[in-house]
Amino acid sequence: IKVIAGVEGEDFGEIYFGDKQINKIPAYQRNVAVTFESYALYAHLSVFDNMAFPLKGPLCKNKEYSPEQIDKIVHKWAKFLQIEQLLERLPQELSGGQKQRVAMGRMLVREPNVFLMDEPIAHLDAKLRHIMRAELKNIQHELNITTIYTTPDQLEALSMGDRIAVINKGKILQVGKPSDIFDNPVNEWVASFISDIPMNIFNCSFEVENGKYFAVNPYFKISLPKEQGKKLLSLLKGNNKFDLGVRPNKVSIDSLEKKENNIPANVSIVEDTGRTKIISLFVGDVEVFSKILSTEFPNNTKKVWIKFDGESLYYFNEKTKARYAI
């Protein structure tokens with residue numbers, strides 16, 4: 001965000017807005033607008049003056065606005081954000097959601113080429129965050145202005161982003177559409193992070209017996225779908241170690257009757273979220289998470305059998321943690 005805005009210089013590479021290189025252009029000429037996690041409103045200024053400030057400040061030194069023009073622009077965006085009735089108030093008289101709208105209004109009045117949003121709704125409660133996510137997405141679609149939005153909340157990224165860049169320790173690991181990143185993570189870190197509940201991952205050995213392919217863990221042995229097993233055999237290239245991944249919503253819980261590929265497990269914690277339940281189980285000393293419909297879980301049961309959806313398994317290189325494309 002800071003580099004794109006021009007607050008900090010880049011270490012390497014170039015930045016383009018469309019086909020125009022902008023990283024050598026001074027910050028005030030880039031026509032970007034930033035909204036911050038802390039809102040950064042001026043406490044001594046009214047809502048109107050906070051929104052009007054970008055039209056009077058140094059960023060507008062190449063374009064002067066008359067008081068009438070400023071009044072028209074501020075009221076236009078205040079109406080758009082449904083905060084016209086708040087224009088005379090001070091920031092301390094506003095709720096968190098209202099402050100966020102004012103911060104958005106201060107950004108919108110500039111009608112920039114690019115919006116830069118740095119965790120803009122992090123301080124709101126869960127219900128208001130849900131409302132603001134929808135509003136921000138609607139604003140972006142209505143205005144059709146490129147928006148770069150940073151967030152540590154993976155579900156927020158999935159619900160709002162058209163294109164996501166997953167970053168860990170300053171390195172971009174994967175860029176793509178939300179569905180691509182969720183369905184085809186490049187490695188174990190992305191697979192676990194881009195999920196409401198981390199993916200279950202097991203260290204396994206690969207075995208072939210009587211034309212069947214198996215994933216073997218100290219606590220279970222399950223057969224793999226034939227085509228997946230064939231592909232994995234060719235990718236392992238003689239090494240029989242790999243990591244097996246399965247998302248919690250692909251871990252089903254069965255009755256106490258043993259069936260093929262069922263794994264015995266002990267129930268540890270049951271989180272009831274209404275329509276669904278998140279079950280923490282232990283297979284030996286390995287914790288496994290399952291997310292199922294509440295009606296599918298047998299109440300007060302401590303010992304169960306779990307089963308992985310064979311068509312929803314992920315395979316990872318044991319050492320590099322990169323995903324095998326299977």
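Which residue stands opposite N266 in strand 16? The residue is K303, and the pair belongs to the antiparallel contact in which four bridges join strand 13 (residues 263-272) to strand 16 (residues 303-308). Here helices (H or I, at least four residues) and strands (E, at least two) are DSSP runs numbered from the N terminus, and two strands count as paired if DSSP finds at least two bridges between them.

The model is predicted, so that local features need pLDDT of at least 70 and side-chain atom pairs count only at pLDDT 80 or more, while totals for chains, interfaces and linings use all residues. Residues are numbered from 1 along each chain as its sequence is written, and side-chain values use heavy atoms, with hydrogens and water left out.

Strands 13 and 16 are part of an open sheet of five strands, with antiparallel pairing and the order 12-16-13-14-15. Strand 12 (251-254) and strand 15 (286-293) stand at the edges with a single partner strand each, so one side of each is left without a neighbour in the sheet. Neighbouring strands of this sheet are turned by 45° against each other on average, direction ignored, where the axes are lines fitted to C-alpha atoms (for helices over the stretch in contact) and angles run from 0 to 180 degrees between N-to-C directions.

Another antiparallel pair is formed by strand 6 (residues 164-168) and strand 7 (residues 171-176), which five bridges join. N168 stands opposite K171 in strand 7, and in this hairpin, with two residues between the strands, K169 takes a positive phi near 55°.

Edge strand 15 also leads to the salt bridges, each defined as a side-chain nitrogen of Lys or Arg within 4 Å of a carboxyl oxygen of Asp or Glu; the count comes to 10. The side chains of D196 and K291 meet in one of them, at 2.6 Å from N to O, and this pair links the loop between helix 8 (188-193) and strand 8 (200-209), where D196 lies, to K291 in strand 15, 95 residues apart. D196 is partly exposed at 42% relative accessible area, and K291 is likewise partly exposed at 27%, given that buried means under 20%, exposed over 50% and partly exposed in between (1.4 Å probe, protein chains only).

A salt bridge between E135 and R101 has its closest N and O atoms 2.7 Å apart, and it connects helix 5 (residues 126-143), which holds E135, with helix 4 (residues 96-108), which holds R101, 34 residues apart. R101 is buried at 17%, whereas E135 is partly exposed at 26%.
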